[in-house]
Amino acid sequence: MDFTQLLQTYQPNKDQVADLQDVSLCLLVGISGAGKDTTKRHLLATGRYFNFISYTTRAPRENDGIMENDEEDYYFISLDEARRMLEKGEFIEAKEYAGNVYGTGFRELRKARQEGKIAINDVEVQGVSEYKTLLPQTIAIFILPPSYKEWRRRIASRYASEAELDGVWPKRREAAIYELEHALKVPYYHFVTNDNLEASIAAIEKIVQAGDTFHRKDDEARLLARDLLEEIKAN
């Protein structure tokens, strides 16, 4: 079968899906600048979480002067290995982006279960629905910046000048609107505002420990997400 067709028609192995209905899994989602990476690092530092690493067929890159490492940032695999994993149904989900394959595998979840830890990963909003369909116990947490003003400040701090920021701002804004709108359309996201890191970590831990139940605070956080979305649209 043609590789593109294989990817587009991909279905994960049903036996592997059935075997992992008891695994603990938490997905972190959020607009750029919300603090997903920092939040994930601090959760991993507690020792209760397992770093759920994705696969990619692209080559390692240099980020801020540091080269990515195999089995730490990604599993860097060949197209032949990606084809083998697709044919055997070993990915939970797999997509093509900019000519490369990106996916997450069942093997990582089995490792997390063996270590008695909660598998954690940061993903895009498009991928969460696939996890929820296959593994309904998945906890999805959308991390929010505390305000539009603070969000803009965090994004601006990544660029050397206002002119450089202006060049990328339309895409950043468009992506944030899409991600928030997508998350607000479905009922399974918990929203956490990342104003104080210690407090946001505690909030996430409480959500995970509660087993994906929803409370009044979730309704309040969802309203804050709606307010942020409207402010981004207005600016």
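The following dialogue discusses how to read a helix face, aromatic pairs and nonpolar cores in a predicted model.

Reader: Which residues of helix H6 are buried?

Author: A general point comes first. An α-helix has 3.6 residues a turn, so residues three or four places apart point the same way. Helix H6 spans residues 125-134, and its buried residues are Val-125, Gly-127, Val-128, Tyr-131 and Lys-132. Viewed down the axis of H6, these buried residues fall within an arc of 145°, so they line one face of the helix.

Reader: What covers the buried residues of H6?

Author: The cover includes strands S1 (25-30), S7 (91-97), S8 (100-105), S10 (139-144) and S11 (189-193), together with helix H8 (162-185).

Reader: How should one read an aromatic pair, and how many aromatic pairs are there?

Author: A pair of aromatic rings is described by the distance of the centres and the angle of the planes. In this model the count comes to 13 aromatic pairs. For Phe-142 and Tyr-189, the ring centres are 6.0 Å apart and the planes stand at 80°, so the pair is edge-to-face. This pair links distant parts of the chain, since Phe-142 belongs to strand S10 and Tyr-189 to strand S11, 47 residues apart. Both Phe-142 and Tyr-189 are buried. Tyr-189 also forms an aromatic pair with Phe-191, and that pair is tilted, with 6.3 Å from centre to centre and 40° between the planes. Phe-191 is buried, as is Tyr-189.

Reader: Which residues form an aromatic cluster, and where does the charged end of Arg-107 sit?

Author: Tyr-10, Tyr-55, Tyr-75 and Phe-91 form one aromatic cluster. The charged end of Arg-107 sits over the ring of Tyr-75, 4.9 Å from the ring centre. Another arginine, Arg-152, lies over the face of Trp-169, at 4.3 Å from the centre of that ring.

Reader: Which residues touch the most other members of the largest nonpolar core?

Author: In soluble globular proteins, nonpolar side chains tend to be buried together. Here the largest nonpolar core has 57 residues, of which Ile-141, Phe-142 and Tyr-189 touch the most other members. Helix H8 supplies the largest share of this core, 7 residues. Apart from this core lies another, of 14 residues, among them Leu-7, Ala-82, Leu-86 and Val-101.

Reader: What is Ile-141 in contact with, leaving aside its neighbours within four places in sequence?

Author: With those neighbours left aside, Ile-141 contacts Cys-26, Leu-27, Leu-28 and Val-29, as well as His-190, Val-192, Ile-204, Ile-207 and Val-208.

Terms used:
Residues numbered from 1 in each chain as written. Predicted model: local features only at pLDDT ≥ 70, side-chain atom pairs only at ≥ 80, totals over all residues. Heavy atoms only, no water. Buried < 20%, exposed > 50% of the residue type's maximum accessible area, 1.4 Å probe, protein only. Helix = DSSP H or I, 4+ residues; strand = E, 2+ residues; numbered from the N terminus. Arc of directions from axis to C-beta. Contact = heavy atoms within 4.5 Å. Phe/Tyr/Trp six-rings, centres within 6.5 Å; stacked < 30°, edge-to-face > 60°. Lys NZ or Arg CZ within 6 Å of the ring centre and 35° of its normal. Core = buried A, V, L, I, M, F, W, Y, C linked by side-chain atoms within 4.5 Å.
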